[in-house]
Amino acid sequence: MGPLYFMVVQMRQMSSMQKIEALAEKVASHKGLRLYDLELVGSKDGRILRIYIDRSGPDGVSLNDCQEFSSALSLLLDVEDPIDGTYRLEVSSPGLERVLKKTWHFEESVGQQVLINIRKPLAELNGEVAGKHANRKKFKGTLTSLDGSDLSIEFEGQQITIPVDYVSKAKVVFDCGKKG
């Protein structure tokens with residue numbers, strides 16, 4: 001029995017999103033890309049499967065990359081059929097103002113402007129912080145580091161430490177006026 005057989009056996013034990021992610025990872029790797037994120041939204045009769053792909057380096061992904069990835073993934077999704085009902089596949093770059101969810105998203109965004117929303121006010125997360133930022137739940141500043149499960153952001157001249165688990169939403173903020 002070959003590696004394809006074992007992949008089929010493993011896929012039967014996965015949830016539909018795990019299957020989709022595994023298939024997308026496989027296609028991305030084959031195309032020299034990486035899977036940045038994916039989401040399945042909508043109701044059973046009108047779902048949208050959004051796949052975000054990226055490439056290391058300054059060039060990112062092209063429209064051609066998205067088209068080739070979409071064609072290859074569509075074939076695999078047709079064969080494996082992990083999604084109940086109808087859906088539309090959308091493939092794109094995560095964009096300049098990319099959402100940050102995974103640890104490596106934060107790691108690659110160190111030094112960039114970010115917008116971070118947290119679940120609870122800062123005072124409830126970090127007892128050491130006092131003053132005017134204690135009741136804040138939203139921070140826009142430079143992501144300075146990710147140390148284990150904590151990220152640090154320079155916000156209004158102060159270093160703020162936030163546990164990654166308390167981040168409810170995060171994204172890179174593109175500054176078109178910034179010279180680099």
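**Two sheets and a helix pair**

In this predicted model, a good place to start is the open sheet made by three strands in the order 1-2-3, with mixed pairing. Strand 1 (34-41) and strand 3 (87-92) form the edges, each pairing on one side only. From one strand to the next, the twist averages 15 degrees. Strand 2 (residues 47-54) runs parallel to strand 3, and six bridges join the two. Within this pairing, R50 is found opposite E90 in strand 3.

Two helices pack on this sheet. Helix 2 touches strand 1 and strand 2, and its direction makes about 150 degrees with that of strand 1. Helix 3 touches strand 2 and strand 3, with its direction at about 145 degrees to that of strand 3.

These helices also meet one another. Helix 2 (residues 16-30) and helix 3 (residues 63-80) pack at an angle of about 140 degrees, their axes lying 10 Å apart, and their crossing is right-handed. On the helix 2 side, I20, L23, A24, V27 and A28 take part, meeting F69, A72, L73, L76, L77 and E80 of helix 3. Of the residues in this contact, ten are nonpolar, none is polar and one is charged.

Turning to the other sheet, five strands form an open arrangement in the order 7-6-5-4-8, with antiparallel pairing. Strand 7 (158-163) and strand 8 (167-172) each have a single partner strand, so one side of each is left without a neighbour in the sheet. The twist here averages 40 degrees from one strand to the next. Strand 6 (residues 150-155) pairs with strand 7 over six bridges in the antiparallel sense, and E154 stands opposite Q159 in strand 7.

Note on methods. Residues numbered from 1 in each chain as written. Predicted model: local features only at pLDDT ≥ 70, side-chain atom pairs only at ≥ 80, totals over all residues. Heavy atoms only, no water. Pairing = 2+ DSSP bridges. Helix = DSSP H or I, 4+ residues; strand = E, 2+ residues; numbered from the N terminus. Axes fitted to C-alpha atoms, helices over the stretch in contact; angles between N-to-C directions. Left-handed = near helix turned anticlockwise from the far one by under 90°. Contact = heavy atoms within 4.5 Å. Nonpolar A, V, L, I, M, F, W, Y, C, P; charged D, E, K, R; others polar.
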